[in-house]
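Reader: Hi! Could you walk me through this structure?

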Amino acid sequence: MKVGLMGLGTVGTGVVHLIDQNGESIEKKLGEKIEIKKILVKNPIKKRTPLAEGKITFNPDDILEDEEIDVIVEVMGKEHPALEYIVKALEKGKHVVTANKEVIAKHGKELIKLARQNKVHLLYEASVGGGIPIIRPLKQCLAANKIYEIKGILNGTTNYILTEMKEKGLDFEEVLKNAQEKGYAEADPTDDVEGFDAARKLAILCTLAFNKFILPEKIYTKGIKFISKSDIKYAQELGYTIKLIAYGKVDEKDRLEAWVHPVMIKKDNPLSGVKGVFNAILVDGNAVGEVMFYGQGAGMMPTASAVVADIMDVKNHIVIQNGCEEAELLPIVDTVSKYYIRLIAFDRPGVMSKITGILGEKGISLLSVVQKGVLGQTAEIVLITHIANTGKIFEALKEIQNLQEVESIESVIRVEEE
Ligand code: NAP
Ligand code: HSE
């Protein structure tokens, strides 16, 4: 099997090494040898693995126009030009394996159609959960189920940051800086910390689990930048752990509830023990019950494990994925949750009653209100609501923010229901 590799960064280098290391056993299982014929890169002066010697090219057509190459592995990242190369490869009748969640989340529907028209496969196991098998189990092993709900920790960088904040008592910025220095977080960590990476992965999972197509930008997404060490401490005092959760569910009216949001989860929730760069996904099916997928959601060799398995699967692939309908999205304002709200207000008589009055007018009932401490003329107030309508919470927060007595609303975190 002759492969054209597009990209030789973290994942591409892992793919080259894994095929070299396990070449013999892969050949035995597959009945043929995988040979990486050419490798596309951009930077002419970067030092490469010796395994890439004699294979490097800077011209995509050297790979796309090569009649001998029957599988293209796209591990360049970003939407463009990866999308254009994948389209061209499929049109040329080449199978495509990709780890690119941005391309699959935004264009997967058309690409799958294009692959079907050209009688080739488009496989993307590494696009969600790195080395964790989740795409194939959803497409095949769990295919007989009606899936009720998926919830997961889909981003390794943010889970690492939240874990370090909790275990070392550090603030977000400090941990992010350490993570960048150690090479865990990207130089531009926006997509991770703002939750966009998790939203792309959630969009892919919703399509497979519920057969409903949803663009990632339509998913209500809130990242973890605002979370402080006080939030982590208060969550612990209350018996919770804060995790960035990606959530999807289809309601009784067939509308899709899908969001990415920090959530305070109970310590006995299996997602609570998922630490560092690890990912985990809980899938609830009507026949199988709850199933959990856990493992390394990123990194050179775990991701290469999923990519190389896809290359091997190209020839044996039997499940044809049919088209799916576009999801009717449940607006975030119509979802319900308990909420944790931390705000800074001036320490004056009557402040608390104004805040609780606004919440009361919106029909939001409070589970607890605590003044956590006085900082000069201001005080930190932590409120936890009973289950409330998110739209009413947003309206109340707007009014509370406008109170003269309130300096800032620092954190708004969903709280897991009992
Ligand atoms: P990376 O380290 O930044 O590597 C990207 C590679 O693609 C580099 O070799 C780069 O060339 C090449 N490249 C980028 N744009 C190019 C262009 N226009 N023309 C030619 N070559 C180009 O990225 P990565 O971390 O390996 O990630 C690759 C993909 O896997 C992304 O879609 C990512 O989201 C996904 N993924 C990554 C992980 C992970 O743990 N890293 C896990 C799961 C999925 P140069 O070497 O010349 O710069
Ligand atoms: N930036 C991603 C993460 C890489 O931190 O999970 C794996 O998709």
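Author: Happy to. One definition to begin: angles under 35 degrees count as roughly parallel, over 145 as roughly antiparallel, 65 to 115 as roughly perpendicular and the rest as oblique. This is a predicted model, where local features need pLDDT of at least 70 and side-chain atom pairs count only at pLDDT 80 or more, while totals for chains, interfaces and linings use all residues. Residues are numbered from 1 along each chain as written, ligands from 1 in the order written, and side-chain values use heavy atoms, without hydrogens and water.

Reader: Cool. At what angle do α4 and α5 cross?

Author: Roughly 15 degrees, and the axes of α4 (residues 82–91) and α5 (residues 101–117) come within 10 Å. Axes here are lines fitted to C-alpha atoms, for helices over the stretch in contact, with angles from 0 to 180 degrees between N-to-C directions. Helices are DSSP runs (H or I, at least four residues), numbered from the N terminus. α4 and α5 are therefore roughly parallel to each other.

Reader: Switching topic: which residues surround ligand 2?

Author: K101, N155, G156, T157, D192, D197, K201, G297 and A298 (a heavy atom within 4 Å).

Reader: And how far is the side chain of T157 from an oxygen atom there?

Author: An N or O atom in the T157 side chain is 2.6 Å from an oxygen atom of ligand 2. A polar backbone atom of G156 is 2.8 Å from a ligand 2 oxygen.

Reader: What about ligand 1, how many residues surround it?

Author: 22, with L8, V11, N43, R48 and G299 the closest. A backbone N or O atom of G299 lies 2.7 Å from an oxygen atom of ligand 1.

Technical notes
Helices (H or I, at least four residues) and strands (E, at least two) are DSSP runs, numbered from the N terminus. A polar contact is a pair of N or O atoms within 3.5 Å; within protein, one must be able to donate a hydrogen and the other to accept it, and residues adjacent in sequence count only if both atoms are side-chain atoms.
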